[in-house]
Amino acid sequence: MPIYAFTGSLTRPMPQYGAANGQGIGRLLFDDETGQLSRAELTGNIDDTAWLVSDPRRGRLYSTCEITGTDQSAVAAYAVGTTGLRRLGEQQTLGNEACHASLSTDGRFLLVANYNGANPPGAPDAALTVFPITDNGLGAPIASVTHTGHGPNPDRQTTAHAHCVIQSPTGDTVYVSDLGIDQLVAYSLDFSGGLTRQPARDFTFPPGLGPRHLVFSADGRSLFVVSELIATVLSLAVDPATGALTQRDAFAIPSLDGGIVQSAGILLAPDGRHLFVSLRVCDEILVLRIEPDGKLTQTARVPSGGKTPRDLCFSPSGRHLVVANQDSDRLTVFRVDHASGTLSEPLQNFEIGTPLSVKLAAF
């Protein structure tokens with residue numbers, strides 16, 4: 001069964017991103033023995049693919065994307081074949097700057113977070129939108145919610161900015177990290193795809209932290225969050241009875257040279273022992289060991305292989321880490337030592353235009 005690396009790219013220059021050298025969605029072959037990428041093909045005419053979701057069980061790929069001349073983002077579905085991607089259709093996300101998506105725990109819905117960073121007056125501003133996955137692709141949205149409020153950062157927190165949406169492994173809670181209001185906002189997702197607020201399961205961060213992405217442990221009892229505005233990794237415990245969150249640790253990511261540290265992506269190792277975090281501006285990958293009590297200890301901090309590491313992912317075996325270095329137009333591959341929580345020297349730098357998202361899966 002071949003392993004594909006899919007990359008979404010920036011195709012139009014934007015003030016918040018910089019240069020755009022992307023041409024669409026790339027599908028690359030990946031050799032999990034050697035850690036080498038090789039080109040398969042490129043699917044063009046797909047603007048600004050900020051996030052990808054692989055669905056090997058259905059032979060699908062989903063992407064957030066921008067549509068010229070509209071005041072909303074879109075999410076598109078593709079069938080993955082041996083000769084390329086076949087577009088199955090798209091739906092508008094009811095919000096602007098769709099930046100993250102994930103499958104529900106049961107695989108029946110696609111959950112999409114809209115950042116809503118530059119909405120025109122009167123434009124739709126859903127923070128979270130739910131789409132049913134159908135035999136033909138994606139159905140029309142069946143639920144959406146908006147967020148309100150602001151934080152203390154005058155440049156980045158004048159309004160709500162949903163940045164990530166993940167359903168817990170147990171399926172009882174959907175969490176949206178909102179960078180603009182310094183909160184994890186909790187919902188329940190019913191069998192029909194409806195959303196109900198669960199404020200008792202919310203979590204409020206210190207003002208100005210700017211939570212960005214989150215990841216659950218496999219058993220759903222631990223939750224880890226990386227913040228962007230004040231670079232921090234937080235370790236939270238999940239009460240199995242109530243779903244309430246309590247903080248166990250907060251690892252403040254220091255600047256090594258007095259410059260800016262801006263964290264982006266976060267991954268949990270397959271064995272649950274380490275976290276891997278991409279650090280933009282300083283262009284590094286941070287590795288943290290998770291102690292039995294939830295405390296976080298640094299085991300490695302290495303150059304990312306390029307500029308502006310954004311997304312990162314493991315190969316299906318977990319032996320390799322692939323980093324999307326956005327402003328170097330490259331993917332960088334590392335071998336992972338999960339016992340020690342360290343990374344090898346880069347095994348490969350693969351050139352591809354302005355990668356924003358990278359996902360590896362066997363199809």
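I take strands as DSSP runs of E, at least two residues long, numbered from the N terminus. The model I am reading is predicted.

**Entry 1: Lys-359**

I looked up where Lys-359 sits and found it in strand β31, which spans residues 355–362. Is Lys-359 buried or exposed? Its relative accessibility is 15%, and the cut-off for buried is under 20%, so I log Lys-359 as buried. I then listed its contacts, leaving out residues up to four places away in sequence: Lys-359 touches Tyr-4, Ala-5, Phe-6, Trp-51, Leu-52, Asp-311 and Cys-313. I also found a polar contact between the side chains of Lys-359 and Ser-357, at 3.4 Å. For the pair Lys-359 and His-274 I noted a C-alpha to C-alpha distance of 19 Å, with their positions 85 residues apart in sequence.

**Entry 2: Gln-157**

I placed Gln-157 in the loop between β12 and β13. Gln-157 has 0% relative accessibility and therefore counts as buried. Which backbone oxygen lies 2.8 Å from a polar atom of the Gln-157 side chain? I found that of Leu-179. Leu-179 is also on the contact list of Gln-157, again without residues up to four places away; the list further holds His-150, Gly-151, Pro-152, Gly-180, Asp-182, Gly-208, Gly-210 and Leu-229.

**Entry 3: cysteines**

I searched for disulfides and the count came to 0. Cys-65 is in none, and the nearest cysteine sulfur to it belongs to Cys-99, 14 Å away. Cys-99 is in none either; for Cys-99 the nearest cysteine sulfur is that of Cys-164, at 8.2 Å. The cut-off I applied is 2.5 Å between sulfur atoms. Both residues count as buried, Cys-65 at 1% relative accessibility and Cys-99 at 9%.

**Entry 4: nonpolar cores**

I looked up the largest nonpolar core and found 18 residues, of which Leu-111, Leu-128, Tyr-187 and Leu-195 touch the most other members. Which elements give two or more residues to this core? I listed β9 (109–114), β10 (128–134), β12 (143–145), β13 (162–167), β14 (174–178) and β15 (183–189). I took Leu-128 for a closer look. Neighbours within four places aside, Leu-128 is in contact with Leu-111, Val-112, Ala-143, Ser-144, Val-145, Val-165, Val-174, Val-176, Tyr-187 and Leu-195. I also noted a second, separate core of 17 residues, with Ala-231, Phe-251, Leu-279 and Leu-288 among them.

**Entry 5: the sheet β4 to β7**

I traced an open sheet of 4 strands in the order β4-β5-β6-β7, with antiparallel pairing. Why does one side of β4 and of β7 lack a neighbour in the sheet? β4 (52–55) and β7 (84–92) are the edge strands and each has a single partner strand, so one side of each is left free of a sheet neighbour. From one strand to the next the twist averages 25°. For β6 (residues 73–81) and β7 I logged 8 bridges in the antiparallel sense, and I found Gly-81 opposite Gly-84 in β7.

**Entry 6: strand β30**

I checked the two faces of β30 (residues 348–351): Gln-348 and Phe-350 are on the covered face, Asn-349 and Glu-351 on the uncovered one. In a regular strand the side chains alternate between the two faces of the sheet. β30 pairs with β28 (residues 330–337) in the antiparallel sense over 4 bridges. The bridge partner of Thr-332 in β30 is Asn-349, a residue I had just put on the uncovered face.

Technical notes: Residues are numbered from 1 along each chain as its sequence is written. This is a predicted model: local features need pLDDT of at least 70, side-chain atom pairs count only at pLDDT 80 or more; totals for chains, interfaces and linings use all residues. Side-chain values use heavy atoms; hydrogens and water are left out. Buried means under 20% relative accessible area, exposed over 50%, partly exposed in between (1.4 Å probe, protein chains only). Contact means heavy atoms within 4.5 Å. A polar contact is a pair of N or O atoms within 3.5 Å; within protein, one must be able to donate a hydrogen and the other to accept it, and residues adjacent in sequence count only if both atoms are side-chain atoms. A nonpolar core is a set of buried Ala, Val, Leu, Ile, Met, Phe, Trp, Tyr and Cys residues joined through side-chain atoms within 4.5 Å. Two strands pair if DSSP finds at least two bridges between them. Axes are lines fitted to C-alpha atoms, for helices over the stretch in contact, and angles run from 0 to 180 degrees between N-to-C directions.
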